[in-house]
Amino acid sequence: MSKPVLKISNVNKSFGGLQALRDINLEIEKGKVHAIIGPNGAGKSTLLNVLVGLLEPDSGSVTFNGGINVIGKSPHEINQIGLARVFQTPEIFPDLSLLDNVMIPAFSKRDGAFHFQLFRSLASETKITQEAKEVLASVGMEAKAEETAGSLSRGDKRRLELAMCLIQHPDLLLLDEPTAGMARHDTNKTIELLMQIKEGGMTKIIIEHDMHVVFSLADTISVLSQGAIIASGTPDEIRGNPIVQEAYLGGVEL
Amino acid sequence: MKRLMNIFKKQSDLTTILLFAAGVLTMPIWLDPIGANYPDLLQKFVIFGIFAVGYNILFGLTGYLSFGHAVFLGVGSYTAVWSFKLFTMNVLPAMLFATLISGLIAAAIGFVSMRRSGIYFSILTLAFAQMFYNLAYSVLIPITNGETGLQLRMHDIRIIDNYFSDPVAGLPSTELFGMSMNGYSGFYFCAVVLILAFYVAMKIFRSPFGMKLKAIKSNQHRMRYIGSDTRPYLITAFIISGMFAGLAGALLAVTDPLAGAERMQWTASGEVILMTILGGVGTLFGPLIGVGVIKYLENIFSAINEAVLHNFFSFMPLWAENLLVAITAPFVGEGWHLTLGILFMIIIIFLPGGLMEGFQKIKRRYLTISMKDSESTTKQE
Amino acid sequence: MDSILIQLLNGLDKGGAYALIALGLTLVFGTLGVVNFAHGALFLIGAFCAVTFQKILTFSKQVLDPNITFFDAYIEQPYLELWFGETGLAIIDYAVPLSIIVTIPTMLLVGLAMERGLIRHFYKRTHAEQILVTFGLAIVLQEIIRHFFGANPIPTPAPDIVSGSAAIGTWIGLGENFVYPWWRLIYLASSITIISSVFAFLNLTTFGMVVRAGMFDRQMVAFLGINVQRKFTIIFGLAAVVAGVAGAMYAPILPPDYHMGMDFLVISFVIVVVGGMGSLRGAVAAGFLLGILQSLASMTVVSSLFPGIDQIIIYLVAVVILLTRPRGLMGRKGVMED
């Protein structure tokens, strides 16, 4: 087995008296889509916040690509080491054009967390402009390149957001309920898009409620309940797992 | 006018700056018909133009509203006058020191203020502005000379000047290697500085750095998650705009070698905010338009007094004349600030995008009208 | 010891004014969600209500001076004195406290006009735009006052009977020589009274309960079907009255002039931030605290060590607080934290 892209070891986190995360151990394998599911209040958001540097766990470690410690790093540092994320409500730059939206993450990746160069002109950045156009094409939005991002539909904003992540070629893409609030049509299109990206071999963590999405995309599923991982395995294994059924629906088959 | 603006936008950097330079250097010509062709006013246009262009780099691109930029105006003036007193009447060292020291102070204030955003940031800058203003009249009097203001004196040591030549009789005047800074030559010098400053601003606007600043304004949260540390960007923008302001302050002293703390009052900060917004915040040319309009109106309105008003309305019967004078008097002369305040409010309420936004709206309406015209004509055929 | 006590009292006085303005600011920000840079102007208008009232009362006509007999000399004699003699003079003497009768309705009107005419259109706009438009309004109001009253401070004395000092030393056992001006004590008492009334109103009436709920969660209150708009107007009016009365009563302490509005506003904003934006108690506490701090800092003992510190101490404290504890002394957690 190759080195895991993300290794979460013995992570614990409590808030006051409430133990939100209980001895979490997870390994995210390279190239796989790893879904994390669980009923409300299971600790998914807390786990997510630990992974992106918003929360520091009480104990345990989170390491990236075998050695780099994630804990204690600020969001921009974590992105610079190779983790990109998508938010529940798509976070884009609403005042800028789609092309600009995609170019900025590329600049950020190339230039680092802070870069100041007085006399560099946008017009001369042909390489990144070209890359941006290609990435927009790969999500099917090249026709709208000059439109202002704020006027997009939610589904399109999600696609734009994905494009913004893709242009950075992240080692790990973290999707936080990517189809939240979407109608069936948009959800299907998003799944299509994500499958396309999956073919490219990108490692992904998806935190999801929608079972249709999860079972269409995931290679591995981990189930979180009351702060602990109660099951981890392939979709078929999870589907038939009585403990999971119990945790979710009191015994109803998935 | 709008077509000219469009031309500006689409051309390459070189063409833009050449057209701009041509426009600025020929100001005495095209401003003459509207009675704005005299050196003092022209100087004000270009000096405050530098101030506003720099302020726009912060407010326009990042959206951070600073109420304290007048501090740098004052710092620039004081530094320049001290350079005149200690070293030489040559304006270049004065400008250099003023810009550098403003930058340092901007770094200090920016480092502290940028730890917060939104209202907190604005109030912090206001607090710093008041602090400096109060200090100028108290603790810093040795540097600022308090209420009297800092002026040139006969016995100034002027090390460099006095080393190279004998002291002249009377107070010397500011110069650039012999070229006087009064009148039109003063204007042309400041105009050249404006052109250079505008060039820098233009480069920033059209660079990846500028784009990142706009991204910070659009969604600072997202900016962090794509790997950019937003704080250094914001502080840099603050420092740059502070340096522009310091340079403007220095030029004020160059054309009139005295410095007073009233330059640092929050009202001066308010004025540059208005000029930037009036013209169109976030656009390259907006602030300059704003400066032009405000300073031009100030020039006219401040000069009007009751006698002029009476003269103006003298064609009416006496009771009407007196009534009209009574109504209009509060808005002119000393009442210019009242007019300014009202103008400020009108713009914020009705046209927050400034005159540039107004032009855009007119352009769009003109385009749709002409499209409808061509549609109806084709239908007729 | 004496001078510390005096400075303490001075500080409480000034702090009272700050607290009243900050209270209004916080009410407006907490309930309406509006940052009102014209609040200092309300204080200013109140002060000039007192000034105007006094001017009206002393409206005079030229009358022959009875004391100079060998030629006709004229002095100005107030109409009130002509008509009502001694009583007239007494009324003029009490101009400042009497002006409150006029100040309250005037400020109510001004506040209502401001809210209906301007502020309510900015509920949905960004804070920056609110700041800017009220900033413009502050300038306009200030310039109008300047136009009508000139640029110099206008002395507006307190009633004769309280223009002297109280021997409060005897009350607190510090001896007969310790005195403090009566009017300042009255001001302190009245600011505490007003503050208590406001808190009583907020805590003991249904209206007040709705206001407090609205400060906590504005959307929820609206969803509950309560007519929020009318409440907003009343609250703004209330804040305006509080600021105006504070200004009117302060007139004898600091002769009003046209830029006192902005001077007090800057400090008041700083105080609101230090106390905690959205916290009424914080605003009041911080107002008094910073007033005292400023007064103590102006003592010669301190100013010989740190010259000019009294001018900047409030701002220094604000900077420190904004950096270390951005929600202020008593602000709610999470309000405006970045």
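**Three chains, two contacts: a walk through the model**

I'll start inside chain B, with one residue. Not counting neighbours within four places in sequence, B:Phe51 is in contact with B:Leu73, B:Phe244, B:Ala245, B:Ala248 and B:Val272. Before going further: this is a predicted model.

B:Phe51 belongs to something wider. The largest nonpolar core has 284 residues, and B:Phe51 is among those with the most contacts inside it. The others on that list are A:Val102 and A:Ala163, then B:Ile50 and B:Ala248, and in chain C, C:Leu23 and C:Val270. Which element gives this core its largest share? It is helix H13 of chain B, residues 230–255, with 17 residues.

Staying with H13(B), look at how it packs. Helix H10 of chain B, residues 183–205, and H13(B) have their axes 11 Å apart, at an angle of about 175 degrees. An angle over 145 degrees counts as roughly antiparallel, and therefore so does this pair. From H10(B), the contact is made by B:Gly186, B:Cys190, B:Val193 and B:Ala197. From H13(B), B:Phe244, B:Leu247, B:Leu251 and B:Thr255 take part. B:Phe244 is also one of the contacts of B:Phe51 that I opened with. By class, the residues of this helix contact are six nonpolar and two polar, with no charged ones.

One more residue in chain B, of another kind. B:Ser180 is found in strand S3(B), residues 179–180. Is B:Ser180 buried or partly exposed? It has 13 C-beta neighbours inside 10 Å and therefore counts as partly exposed. Leaving out residues up to four places away in sequence, B:Ser180 touches B:Ser173, B:Glu175 and B:Ser185. B:Met223 is 43 residues from B:Ser180 along the chain, and their C-alpha atoms are separated by 49 Å.

Now the chain contacts. Two pairs of chains touch, and the pair with the most contacts is B and C. There, 31 residues of chain C are in contact with 32 residues of chain B. On the chain C side, helices H5 (127–149), H11 (260–275) and H14 (309–324) each give two or more residues. H5(C) provides the largest share of that side, 14 residues. By class, the chain C side has 23 nonpolar, five polar and three charged residues.

The contact between A and B takes 29 residues from chain A and 23 from chain B. On the chain A side, helix H2 (75–80) and helix H3 (98–111) each supply at least two residues, and H3(A) has the largest share, with six. That side divides into 15 nonpolar, seven polar and seven charged residues.

What about A and C? Those two chains do not touch; their nearest C-alpha atoms are 13 Å apart.

On to the sheets of chain A. Six strands form an open sheet with mixed pairing, in the order S6-S7-S8-S3-S9-S10. The edge strands are S6(A), residues 83–86, and S10(A), residues 228–233, each pairing on one side only. From one strand to the next, the twist averages 20 degrees.

Take the S6(A) edge. A:Leu83 and A:Arg85 point one way from the strand, A:Ala84 and A:Val86 point the other way, and all are buried. S6(A) runs parallel to strand S7(A), residues 172–176, and four bridges join them. The bridge partner of A:Val86 in S7(A) is A:Leu175. Further into the order, S3(A), residues 33–37, and S8(A), residues 203–207, pair in the parallel sense over four bridges. In that pairing, the bridge partner of A:Ile36 is A:Ile207.

Chain A also has an open sheet of four strands, antiparallel, in the order S2-S1-S4-S5. S2(A), residues 18–28, and S5(A), residues 68–69, are at the edges with a single partner strand each, so one side of each is left without a neighbour in the sheet. Seven bridges join S2(A) to the antiparallel strand S1(A), residues 6–15. A:Phe15 stands opposite A:Leu18 in S2(A).

Which helix lies across S1, S2 and S4 of chain A? That is helix H1(A), residues 44–51, and it runs at about 60 degrees to S2(A).

To close: chain B touches chain C through contacts with 31 residues of chain C, while chains A and C do not touch.

Key
Residues numbered from 1 in each chain as written. Chains lettered and ligands numbered in written order. Predicted model: local features only at pLDDT ≥ 70, side-chain atom pairs only at ≥ 80, totals over all residues. Contact = placed C-beta atoms within 7 Å. Nonpolar A, V, L, I, M, F, W, Y, C, P; charged D, E, K, R; others polar. Core = buried A, V, L, I, M, F, W, Y, C linked by C-beta atoms within 7 Å. Buried ≥ 20, exposed ≤ 12 C-beta atoms within 10 Å, placed from the backbone. Axes fitted to C-alpha atoms, helices over the stretch in contact; angles between N-to-C directions. Parallel < 35°, antiparallel > 145°, perpendicular 65-115°, else oblique. Pairing = 2+ DSSP bridges.
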